[in-house]
Amino acid sequence: MLSGLALSSSTLGIRRYDFRFSQGGFRSDEIFDSALAVPGRYMLEVARRVLRDFPAADWVAVGNPLLPLNAGQLQGFLSDSGLKGLGIATDAAGFPVVYLLPRSIYEQFGRFLLMLSATDAALDAELLQAMLGIDIPTAPCGLPAMGALRPLGLNGWLNGDGRQLAGQLSCRKAIEIIKSRPDWRNLPFAVYYPMHAGDVLFFCVASKRVENSLFDKQVVCTSYADIPAACGSRLDSVPLRLPWISRDGTVSELDYFNHALDRLGPEVTGSHFIVFSRILRLYFHTPFHLVDHAAFALGDSMEGFERTVHAKAPAAESRCALPIDKPRALFHLNGGWTLKNLPPDTFRKTARALIALGWEVSVIDRPDLEDCGARSVEAGDSASLRRQVEAHHVFIGVDSFPHHFVRLVMGWPVVGLFGNTKPCNSDATYGESYRASCRDLSCNRCGAWDVCPMFGRKDCLNYAEPERIIEDVLDLARGIYGISS
Amino acid sequence: MGTLGDFNLNGLKADFGLRHLVEVGTGSGAAVDLAAPLGFDHIHSIDSQHKLALATALRHSARQDITVIHARSEKGLKEALEDIPATAPTLFWLDIDYPGADARLQADPDARLERELRLICGLRSMGQDVLLVDDLSLYKGDLAFVAELLGATHMIDRSPQGTGVLIAIPKRT
């Protein structure tokens, strides 16, 4: 739940607004649920909606998005705090509950709200004070201390790995910049979501669809330095010369963020507002594509289905120019962790059948699977991936960077394969040149890493059986190229 | 398996005016830890094993003069050498049998060493650089390419230390 109050001195009016995190709808009281947007992004979105509905409002009070507050409660807390103007109402321990800000802040300094910690009212007041040059009071609103953040917060926020505390780090850095740089208003905003390859791509693709982006740059691990240009990103890259964060949780998000800021160094961190946009909410609770999550984080209000990936044809539609007498299929099986990999035997059976039907089959980076007649090829970066794809008629890939690049950027005919992740969060627009499959087992999405939580196996049973994959490949090849088998 | 600590690193650095260190095979990060306080302009360390690269990288994340690259050796070398002026005296610490070697090339470390060395020589003016190649006794092939690539500019020697080290130092004019 998200909420706001519009206050107008001219009409002496006050209006209440309640919103819900959208689970897939686009009703007027729903706000897109983006896992990649910081609390301040939701504050800005609430204020946008409120000011659009009540243009006469001079002030907008917004509830802390981390808390499930309705507008009635908001009004009560604000009243109990005694705040009469700009300020932050808090619980007994200084946790921010309601922000009361003049409309000019939302309109002129909107993106600076992204730097609010949303967990420390004194820190947030210091940020606003640095921006505006006036004292910003904090006032208790009668709520007892809420205690430490839970791993999964009441309003759907993740705090595993201390990730919400990263907001405090960002906020502190922002205060330092504003206090030390007279030109702070003109400094770039950089979204911090540097790893992994698919994640970088989602922001790159989203950047091309967002008008008036809140961000100018994207922090990118140098392992993926080629991706923004290959995707035609509108965000400049801030290279992060660190290996990407482990997927196994041995390094916490907060620790890695700390190291990343160290690594970027004072020259970069002193001249960029860096916003921690790692997954902050459970993205798979909604049907929204991760590109759409990124688009909201970048500033798009995402107020209609037509704004989403699933409503749009890919930016490009491309085809293989090679003769079809010997059709070629390129597979990518490595999903980044054990259960996300396509089971080798599924591939072997599929490859053998396609070869028997006259196809040439290649597989990216799996020399261990050449025993089935497939050829292993290398595609270590986006340029070599593009070259390999262009030498094949159909691409078949698991939920990983190559799949997303080949479909969302190249527009190539693709068969998507999904196992323990949900297709809707990272597939593409379905049509003649794209389809995706899984067995639709009820355990999807488990998201497990090494061992199947249902059967104890090291592979995922939700991947489609070879017959289905072959059928999809042949069907797609028939429709696109007229290849009959 | 030898370590960079087997050498008088300060002495080497002073004798040849070494300003950069490039290591292939970060491993536990011992070489980076050893070299970190010695005043190199920049240290690059490369490992294709993500966990190894990340651990050392995080240990030195605040040091702008230390870069740990998670990549296969040739890709990592290309990235590292982009940072280093072609004539800046550099110490290369290569390893024939480092655990993080790419699995496919692990089976053929000879080919990897030759490819790495050809890459390095192709990108640099080598006359000022020092090369140390560890685990020489594991090398099964013909090392003629070393003389081909470095014979004109370097004195090439073999040390029996540990599992053997190939040492190539600039010829004094």
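In the predicted model, Arg72(B) forms a salt bridge with Glu378(A), in which the closest N and O atoms are 3.7 Å apart. This pair belongs to the interface of chain B and chain A, for which the count is five salt bridges. To that interface the elements of chain B that give two or more residues are helix H3 (50-59), strand S3 (66-70) and helix H4 (73-83), and the largest share of the side that touches chain A, six residues, comes from H3(B). By residue class, the side of chain B that touches chain A divides into eight nonpolar, seven polar and seven charged residues.

The extent of the interface can be described both by residues and by area. In terms of residues, 22 of chain B are in contact with 20 of chain A. The size of an interface is often given as the accessible area lost when the parts come together. Between chain B and chain A the buried area is about 1,700 Å², and carbon and sulfur atoms give 47% of that area. Across the same boundary, 13 residue pairs are found in polar contact, with both residues of each pair at pLDDT 80 or more.

Aromatic pairing was examined over all chains, and the structure holds 26 aromatic pairs. One of these is formed by Phe109(A) and Trp184(A), which are stacked, with a distance of 6.0 Å centre to centre and 20° between the planes. Phe109(A) lies in the loop between helix H3 (103-108) and helix H4 (121-132) of chain A, whereas Trp184(A) lies in the loop between helix H5 (166-180) and strand S8 (189-192) of chain A, so the pair ties together parts that are 75 residues apart in sequence. Both Phe109(A) and Trp184(A) are buried.

A further pair is formed by Tyr192(A) and Phe276(A), whose ring centres are 5.4 Å apart; because their planes stand at 20°, under the 30 degrees that bounds the class, the pair counts as stacked. This pair likewise links distant parts of the chain, with Tyr192(A) in strand S8 of chain A and Phe276(A) in strand S11 (residues 273-276) of chain A, 84 residues apart. Tyr192(A) is buried, as is Phe276(A).

Beyond these pairs, one aromatic cluster of chain A is formed by Phe21(A), Phe26(A), Phe32(A), Tyr42(A), Trp157(A), Phe288(A) and Phe296(A).

Terms used
Residues are numbered from 1 along each chain as its sequence is written. Chains are lettered from A and ligands numbered from 1 in the order in which they are written. This is a predicted model: local features need pLDDT of at least 70, side-chain atom pairs count only at pLDDT 80 or more; totals for chains, interfaces and linings use all residues. Side-chain values use heavy atoms; hydrogens and water are left out. Contact means heavy atoms within 4.5 Å. Buried area is the accessible area (1.4 Å probe) that two parts lose on being put together, summed over both. A salt bridge is a side-chain nitrogen of Lys or Arg within 4 Å of a carboxyl oxygen of Asp or Glu. A polar contact is a pair of N or O atoms within 3.5 Å; within protein, one must be able to donate a hydrogen and the other to accept it, and residues adjacent in sequence count only if both atoms are side-chain atoms. Helices (H or I, at least four residues) and strands (E, at least two) are DSSP runs, numbered from the N terminus. Ala, Val, Leu, Ile, Met, Phe, Trp, Tyr, Cys and Pro count as nonpolar, Asp, Glu, Lys and Arg as charged, and the others, Gly among them, as polar. Rings of Phe, Tyr and Trp (its six-membered ring) pair if their centres lie within 6.5 Å; planes under 30 degrees apart count as stacked, over 60 as edge-to-face and the rest as tilted. Buried means under 20% relative accessible area, exposed over 50%, partly exposed in between (1.4 Å probe, protein chains only).
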